[in-house]
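Hi,

Here is the structure I said I would pass on. Have a look at it first, and then read on for what turned up.

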Amino acid sequence: MEMGLKGKNVIVTGGSRGIGFGIAKGFAAEGANVSICARGADSLKTAVAELESSGVKVHSATCDVSDADSLSAYISAAAETLGGLNVLVNNPSGFGRTDDEEGWKNSLDVDLMALVRAGWTAIPLIEKSGGGSLVHISSISGLTPSTRTPPYGAVKAAVIQYTLTQAAQLAKKNIRVNCIAPGSIEFEGGVWDMAKKNAPDLYKSIQASIPFDRLGTPEEVANLAVFLASDAGRWITGQTVAVDGGQMLS
């Protein structure tokens with residue numbers, strides 16, 4: 001299937017590892033130029049080297065997405081370096097687990113407000129390029145009760161609602177907005193990798209809840225992100241799609 005992404009310019013926030021890096025690799029494989037940001041310089045350096053092997057233009061910068069000024073400066077610099085902006089993927093999470101001030105602040109600052117603020121800077125740049133796409137990464141925790149992580153679930157639900165609002169607002173600017181709700185995704189150094197080592201009973205219970213008896217991979221989320229942002233997905237907007245291997249069915 002022709003995705004029509006060759007030469008397009010894509011920003012993936014939180015793109016140095018896990019789902020974000022999988023998404024960045026997916027776009028690079030389609031010939032898109034990619035910018036990624038993360039808080040850690042070491043992980044960025046490794047990620048950039050792999051992305052550059054695809055033969056596309058790659059930009060990166062350290063950035064705390066919860067800092068409004070830093071985030072805006074990063075997006076502006078990324079678009080300038082790449083030569084414009086067609087796609088923004090909002091990926092980072094503060095993983096607010098605890099039902100207290102810190103848990104809620106982490107989720108609101110990173111999962112919601114960073115996404116909102118990134119749009120404030122990126123949307124005019126995408127419009128200037130003739131239109132494009134926003135892809136937000138939410139979670140199935142925003143679609144189901146989230147008893148272990150109340151702030152995380154509530155804020156991810158807000159992301160799903162905001163996707164609908166943005167889709168309605170931005171259609172006339174030729175900008176589509178969609179959302180992905182991953183289930184439990186496993187990758188080295190990630191939450192479920194840590195749980196496998198440190199909380200094996202929890203890991204096994206989650207694995208048992210998935211009909212395919214395994215956790216998902218970043219690449220399985222990335223495949224959808226690339227499709228939703230591509231010409232192949234040009235008639236899709238305002239949607240939230242779960243990538244969970246049927247996890248919610250149980």
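Let me start with the aromatic rings: the structure holds 1 aromatic pair. Its partners are Phe95 and Tyr152, and they are stacked, with 5.9 Å from centre to centre and 20° between the planes. Keep in mind that this is a predicted model. The pair links distant parts of the chain, since its two residues are 57 residues apart. Phe95 is in the loop between strand 4 (87-90) and helix 4 (101-128), while Tyr152 belongs to helix 5.

Are the two partners buried or exposed? Tyr152 has 13% relative accessibility, so it counts as buried, the limit being under 20%. Phe95, at 39% relative accessibility, counts as partly exposed.

Phe95 is worth a second look for its backbone too. Most residues other than glycine have a negative phi. Phe95 is not a glycine, yet it has a positive phi of about 50°. Asp213 is another residue other than glycine with a positive value, its phi being near 60°. You will find Asp213 in the loop between helix 7 (200-209) and helix 8 (218-229). With 47% relative accessibility, Asp213 counts as partly exposed.

Back to Tyr152 for a moment, because it also turns up among the contacts of Ser141. Leaving aside residues up to four places away in sequence, Ser141 touches Ser146, Tyr152 and Gly153. Ser141 lies in the loop between strand 5 (132-137) and helix 5 (150-170). Its relative accessible area is 18%, so Ser141 is buried, given that the limit is under 20%.

Next, helix 2, which covers residues 41-52. How far apart should its ends be? At 1.5 Å a residue, the 12 residues of helix 2 should span 16 Å, and the end C-alpha atoms are indeed 16 Å apart, which agrees. The buried residues of helix 2 are Leu44, Ala47, Val48 and Leu51. Looking down the axis of helix 2, you see these buried residues fall within an arc of 105°, so they line one face of the helix. The spacing fits a general rule: an α-helix has 3.6 residues a turn, so residues three or four places apart point the same way. On the other side of helix 2, Asp42, Lys45 and Thr46 are exposed. And what covers the buried residues? The cover includes helix 1 (18-29), strand 2 (33-38) and strand 3 (58-62).

Finally, the whole chain. There are 8 helices and 7 strands in it. The radius of gyration of the chain is 17 Å, close to the 18 Å that the globule rule gives for 250 residues, so the chain is as compact as a globular protein of that length. Taken along the principal axes, the C-alpha atoms fill a box of roughly 50 × 35 × 35 Å. Of the 250 residues in the chain, 52% are buried. Among contacts with a separation of 6 or more, 72% are between residues 24 or more positions apart. As for the surface, the chain exposes about 11,600 Å², and carbon and sulfur atoms supply 53% of that.

If you open the model, I would begin with the stacked pair of Phe95 and Tyr152, then go on to Ser141, which touches Tyr152.

Cheers

Key: Residues are numbered from 1 along each chain as its sequence is written. This is a predicted model: local features need pLDDT of at least 70, side-chain atom pairs count only at pLDDT 80 or more; totals for chains, interfaces and linings use all residues. Side-chain values use heavy atoms; hydrogens and water are left out. Helices (H or I, at least four residues) and strands (E, at least two) are DSSP runs, numbered from the N terminus. The expected span of a helix is 1.5 Å times one less than its number of residues. Buried means under 20% relative accessible area, exposed over 50%, partly exposed in between (1.4 Å probe, protein chains only). The arc is that of the directions from the helix axis to the C-beta atoms. Contact means heavy atoms within 4.5 Å. The radius of gyration is taken over C-alpha atoms; the globule rule is 2.2 Å times the number of residues to the power 0.38. Accessible areas come from the Shrake-Rupley method with a 1.4 Å probe; for residues, only the protein chains shown count as cover. Rings of Phe, Tyr and Trp (its six-membered ring) pair if their centres lie within 6.5 Å; planes under 30 degrees apart count as stacked, over 60 as edge-to-face and the rest as tilted.
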